[in-house]
Amino acid sequence: NKKGFIFDLDGVIVDTAKYHYLAWKALANSIGIDFTHIQNEQLKGVSRESSLKKILEWGNKTLSNEEFLKLMSKKNEEYLSYISNMDESEILPDVTKILNYLSQQNQPIALGSASKNSKQILKKVNLLHQFNAIVDGNDVTNAKPDPEVFLKAANRVNIPVEDCVVFEDSVAGIQAANKANMISIGIGEVSVLNEADFVFKDFTQISSEFIEKISKV
Ligand code: B16
Ligand code: MG
């Protein structure tokens, strides 16, 4: 059966959270706000704009709209400087294997990410060609847990929502997939992603038999 396989980017295909952390930390510190790894965890899957709003909230700071925009672009510049050094070695374990397997089976593959930098990142790690559709932060008005990003991805690969499978590492992303009526597969800890239909630590734990099984549902 044809299914639509939709992948989140950060935390599923690559670990760009570490670069977001470095860039947000430098930015927060430059305006006198602390920024920790625990806070960075809370920004996973969250858009750039909402991330900066949260950081300002944590630091009890208000900014003019103009300053806000300036800081967003400053953060992105630093983030992109890290991205520019990425290569294939940063692809998470067995991601290439599953993408190759799915394309051999002629299964449509889409990206569903909150990032506005998704194409650059996929290009850097040499995976852009694997995707039949890219839907990211540039294409949506409502961020996860709103299902918009995944609904658009399903539409772009022309697969009914109930035949779509979403791989996600964030709670908001799992909720978005569930709201979209798709099969949700959490990549990470069961204790965190307990709302997902299935949870795996990473792609090394997902067998081709499992993919075949859910393709038949
Ligand atoms: P950008 P995902 C998300 O990616 C990240 O998890 C989140 O930390 C980031 O703020 C967001 O993308 C926006 O990224 O600044 O590149 O537009 O997990 O949805 O692939
Ligand atoms: Mg993610």
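Okay, let's start in the middle of things: Phe 7 has Leu 111 as its bridge partner over in β2. Quick caveat before I go on, this is a predicted model.

So, that bridge belongs to the pairing of β1 with β2, which is parallel and runs over three bridges. What about β4? There, β1, residues 4-7, pairs with β4, residues 164-168, again in the parallel sense, this time over four bridges. If you want a residue to click on, take Phe 5: its bridge partner in β4 is Val 165.

Staying on β1 for a second, which way do the residues point? Gly 4 and Ile 6 go one way, Phe 5 and Phe 7 go the other way. And buried or exposed? Buried, all four of them.

Okay, zooming out to the whole sheet. It's an open one with six strands, and the order reads β3-β2-β1-β4-β5-β6, with parallel pairing. At the edges you've got β3, 133-135, and β6, 198-200, each of them pairing on one side only. From one strand to the next, the twist averages 20 degrees. For anyone new to this, strands in a sheet pair through backbone hydrogen bonds, and that can be parallel or antiparallel.

Last thing, the helix. Which strands does α7 lie across? That's β1, β2, β3 and β4, with the helix itself spanning residues 148-157. Relative to β3, helix α7 runs at about 160 degrees.

That's me done, over to you.

Key:
Residues are numbered from 1 along each chain as its sequence is written. Chains are lettered from A and ligands numbered from 1 in the order in which they are written. This is a predicted model: local features need pLDDT of at least 70, side-chain atom pairs count only at pLDDT 80 or more; totals for chains, interfaces and linings use all residues. Two strands pair if DSSP finds at least two bridges between them. Helices (H or I, at least four residues) and strands (E, at least two) are DSSP runs, numbered from the N terminus. Axes are lines fitted to C-alpha atoms, for helices over the stretch in contact, and angles run from 0 to 180 degrees between N-to-C directions. Two residues are in contact if their C-beta atoms, placed from the backbone, lie within 7 Å. A residue is buried if 20 or more other C-beta atoms lie within 10 Å of its own, exposed if 12 or fewer, and partly exposed in between; C-beta atoms are placed from the backbone.
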